[in-house]
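Reader: I'm new to this structure and a bit lost. Could you pick one part and walk me through it slowly?

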Amino acid sequence: MNNKILIVEDDAKISRFVSLELTHEGYETEVVADGRVALETALEKDYGLIILDVMLPSLNGIEVLRRLRQAKSTPVIILTARDQVMDKVSGLDVGANDYMTKPFAIEELLARIRANLRKTSAAGEVISIGKLVIDCGSVSVTYDSHPIELTKREFDLLTYLTKNRNIVVSREQALDAVWGFEFYGNTNVVDVYIRYLRSKIDDVYNVELIQTVRGAGYVIRDRD
């Protein structure tokens, strides 16, 4: 597991505090305070995870993340002001793995880091259910060897359902796992993305991959 963490934060007090706490926990840290420098650093070096503030000089954190995602899938936790909902939405839409609102408890940040690094350690996993194959390493999906183009959110939801195969997943569980437990919205967004997945898989290949359990949620079952 890569325990190198890049901290991108222009508030010196916050970056120093986080760096000291992470170092104490056994992580190797590097601190950058400028958006453009952060992007160059993240592209040149390999990090296990990046902690990325949104408000940065030269290049804001959302744009740094957008450009980074064109080349790398390094896990990113974005830091936002508590009342900036659109920053959270924008960050997640362009590929953030998680987010924290300021001020935050260092214990929660450490827990988020551990959770994201655990996900990364399993990134090479390949999941198969019948003719459906999900390659977590390449973030790709095929059905009967035909590639299926999915957005990151669709991919994450499909992966979550397949990892919980044969278990009925409620909308609330899916929302917490895929969108984050602090998501500002209602559970209807899960239904919307289920429809997206069905239109790209079930409808195209004439299968019933994702089943609805009325009043309970959704399930993908093992197939012969």
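**A close look at helix α4**

Author: Let's start at the far end of the helix: just after α4, Gly95 takes a positive phi of about 120 degrees. Keep in mind as we go that this is a predicted model.

Now step back into the helix itself. α4 covers residues 85-93, and among them Asp87, Lys88, Gly91 and Leu92 are buried. These four sit on the same side of α4, because the arc they cover around the axis is only 125 degrees. Turn to the face pointing away from that buried side, and you meet the exposed residues Met86 and Asp93.

Take Met86, which belongs to helix α4. Its relative accessibility is 56%, and since exposed means over 50%, Met86 counts as exposed. Met86 also has company on the surface: together with Val85 and Val89 it forms a nonpolar patch, with about 240 Å² of accessible area for the three together.

So what do the buried residues of α4 pack against? The partners are the helices α3 (61-68), α6 (152-163) and α7 (171-179), plus the strands β4 (76-81) and β5 (98-102). Let's visit a few of those neighbours.

In β4 you'll find Thr80. Thr80 has a relative accessible area of 1%, so it is buried. Leaving out residues up to four places away in sequence, Thr80 touches Asp87 and Lys88, along with Val54, Met100, Thr101 and Lys102. Asp87 and Lys88 are names you've already met, as buried residues of α4.

Next comes α3, which is mostly covered, with 6 of its 8 residues buried. Those are Gly61, Ile62, Glu63, Val64, Leu65 and Leu68. Their cover includes α4 and β4, as well as α2 (35-44) and β3 (49-53). At the start of α3, Asn60 has a side-chain oxygen that reaches to within 2.9 Å of the backbone nitrogen of Ile62.

Last stop, α6, where Leu157 has its place. Leu157 counts as buried, because its relative accessibility is 0%. Not counting residues up to four places away in sequence, Leu157 touches Ala174, Val178, Trp179, Val190, Tyr193, Ile194 and Leu197. For a sense of distance, Leu157 and Glu125 lie 32 residues apart in sequence and 16 Å apart in space, C-alpha to C-alpha.

To put the helix back together: the buried side of α4 has Asp87, Lys88, Gly91 and Leu92, while Met86 and Asp93 are exposed on the face turned away from it.

Terms used: Residues are numbered from 1 along each chain as its sequence is written. This is a predicted model: local features need pLDDT of at least 70, side-chain atom pairs count only at pLDDT 80 or more; totals for chains, interfaces and linings use all residues. Side-chain values use heavy atoms; hydrogens and water are left out. Buried means under 20% relative accessible area, exposed over 50%, partly exposed in between (1.4 Å probe, protein chains only). Helices (H or I, at least four residues) and strands (E, at least two) are DSSP runs, numbered from the N terminus. The arc is that of the directions from the helix axis to the C-beta atoms. Contact means heavy atoms within 4.5 Å. Patches are made of residues with over 30% relative accessible area and no salt bridge: like charges are joined within 9 Å, nonpolar side chains (Val, Leu, Ile, Met, Phe, Trp, Tyr) within 5 Å. Accessible areas come from the Shrake-Rupley method with a 1.4 Å probe; for residues, only the protein chains shown count as cover. A salt bridge is a side-chain nitrogen of Lys or Arg within 4 Å of a carboxyl oxygen of Asp or Glu. A polar contact is a pair of N or O atoms within 3.5 Å; within protein, one must be able to donate a hydrogen and the other to accept it, and residues adjacent in sequence count only if both atoms are side-chain atoms.
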